[in-house]
Amino acid sequence: MTARRAPRAATLPQRLAAALAPWFHAHHRDLPWRRTRDPYAIWVSEVMLQQTRVETVLRYFDGFLTRFPSVAALAGAPLDDVLGAWSGLGYYRRARLLHQGAAAVARDHDGRMPGEAEALRTIPGIGRYTAGAIASIAFDRPEPLVDGNVARVLSRIAAIEDVAQQPATAAGHWALCAAILREGSPRILAQALMELGATVCTPRAPRCDQCPLARDCLARARGLQAEIPAVRRRAAQPRERYWAVAIVRDDAVLLQRRAPQGLLAGLWCLPLVAIGDDDEPERPTASHLRGLPLPVRELVRVPEPVVHVFTHRIWELHVVRAHVRGRVPALDDEGVAWLARGTTVQRFGRGGIPTVSRKLLARAWAT
Ligand code: SF4
């Protein structure tokens with residue numbers, strides 16, 4: 001490492017800041033949200049990056065900003081358009097809150113993002129971390145931000161073995177992060193901490209030999225990198241089984257809008273029918289199909305279920321193709337729509353089609 005070092009008498013935050021800034025300039029990844037100081041764009045990037053890999057966000061970020069280039073554009077767009085642009089990114093609650101947040105900025109702040117973390121936190125969907133990210137990165141204010149990556153770095157630096165003090169919510173992390181940001185450009189130092197956690201101080205096998213903070217890292221000095229932070233065991237996810245009924249008419253399949261609350265709320269999916277513990281997944285019976293939007297006939301089961309893993313549950317979806325029984329009635333229900341084969345989400349234009357629906361459609365059309 002060629003990073004400049006703070007004098008020996010410097011405090012820990014001063015030494016960390018002095019090592020982080022030059023390292024970030026030399027080693028950071030060139031990402032589109034790093035090329036802007038537009039607080040709206042940084043807000044969008046932070047929301048997209050929650051629980052989502054950088055590679056995935058790269059496929060959506062520019063397109064979303066082209067479609068909704070400003071807070072005003074997002075606030076004025078119908079929610080279905082926003083969910084449509086978000087289709088495939090997952091965790092759709094984020095898109096709803098972003099849309100609500102944009103409306104609040106348009107209404108309460110004249111369409112301009114405030115620069116203070118406290119004001120940012122009054123906006124729907126902006127919590128402590130996102131407020132810190134926007135205030136520090138866009139406005140260069142020493143507002144701390146601690147997510148899982150930053151918490152891991154700081155836990156290791158101080159060799160924190162107390163599990164209760166390791167998470168991103170720990171007060172000690174926020175205090176140390178704020179102290180570091182005050183020792184230089186908050187904009188650079190905030191991104192440097194995040195980048196170090198994402199690329200060097202990774203959960204498994206951190207690359208300590210390439211770390212600018214190695215000299216000040218107690219976990220490294222004590223050989224505790226693998227133990228800090230402690231690995232949390234996840235509770236087993238319950239597995240839910242459904243028939244996903246692909247009701248086909250000519251070259252189109254029926255989609256149903258999901259309920260406004262709950263998982264995939266308001267998004268479009270094949271009609272799902274729960275498979276009970278005593279049911280055979282081979283084929284639903286007439287009584288199972290009573291709740292479908294249209295009466296169906298000629299059921300054909302598609303081999304191999306689609307398995308989709310959510311954060312807290314797993315769906316096992318047995319696809320069944322069916323045709324409408326009798327004359328196809330006109331659909332005047334807002335909650336159902338025909339999707340012609342090959343139609344893109346953009347051309348569909350009535351809202352979001354999540355990844356699991358796309359998997360089901362691919363399976364239904366493949367037979
Ligand atoms: S020296 Fe290793 S464990 Fe310590 S902060 Fe750097 S990468 Fe993480």
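Let's begin with the overall layout: the domain assignment of the protein gives domain 1, residues 12-222, and domain 2, residues 239-365. Keep in mind as you look around that this is a predicted model. Taken over C-alpha atoms, the centres of domain 1 and domain 2 are separated by 37 Å. Where the domains touch, domain 1 contributes eight residues to the contact and domain 2 contributes twelve. On the side of domain 1 that touches domain 2, you will find three nonpolar, four polar and one charged residues.

Now let's turn to some helices. Two packed helices are described by the angle between their axes and the distance between the axes. Keep both values in mind for the pairs that follow.

Start with helix α10, which spans residues 148-157, and helix α12, which spans residues 186-199. The angle at which α10 and α12 pack is about 85°, and their axes are 8 Å apart. Angles of 65 to 115 degrees count as roughly perpendicular, and α10 and α12 are therefore roughly perpendicular to each other. Which residues make the contact? From α10 come Asn149, Val150, Arg152 and Val153, while α12 brings Leu193, Met194, Leu196, Gly197 and Ala198. Sorted by class, the contact of α10 with α12 holds six nonpolar, two polar and one charged residues.

Helix α12 has another partner to look at, helix α11, which covers residues 171-181. Here the packing angle is about 135°, with the axes 9 Å apart. That angle makes α11 oblique to α12. On the α11 side, Cys177, Ile180 and Leu181 take part, and they meet Pro186, Leu189, Ala190 and Leu193 of α12. What classes of residue does this contact have? The contact of α11 with α12 has seven nonpolar residues, with no polar and no charged ones. Notice that Leu193 of α12 appears in the contact with α11 and also in the contact with α10.

Finally, let's visit the ligand. How many residues surround it? There are 14, and the closest are Cys201, Pro206, Cys208, Cys211 and Cys217. Helix α10 comes back into the story here: both α10 and α13, the latter at residues 218-222, supply at least two residues each to the shell around the ligand. Of the two, look at α10 with special care, as α10 gives the most to this shell, with three residues. By class, the shell around the ligand divides into eleven nonpolar, one polar and two charged residues. So helix α10 can be followed from its packing against α12 to its place in the shell around the ligand.

Key: Residues numbered from 1 in each chain as written. Predicted model: local features only at pLDDT ≥ 70, side-chain atom pairs only at ≥ 80, totals over all residues. Axes fitted to C-alpha atoms, helices over the stretch in contact; angles between N-to-C directions. Helix = DSSP H or I, 4+ residues; strand = E, 2+ residues; numbered from the N terminus. Parallel < 35°, antiparallel > 145°, perpendicular 65-115°, else oblique. Contact = placed C-beta atoms within 7 Å. Nonpolar A, V, L, I, M, F, W, Y, C, P; charged D, E, K, R; others polar. Near = placed C-beta within 6 Å. Domains from an automatic or database assignment.
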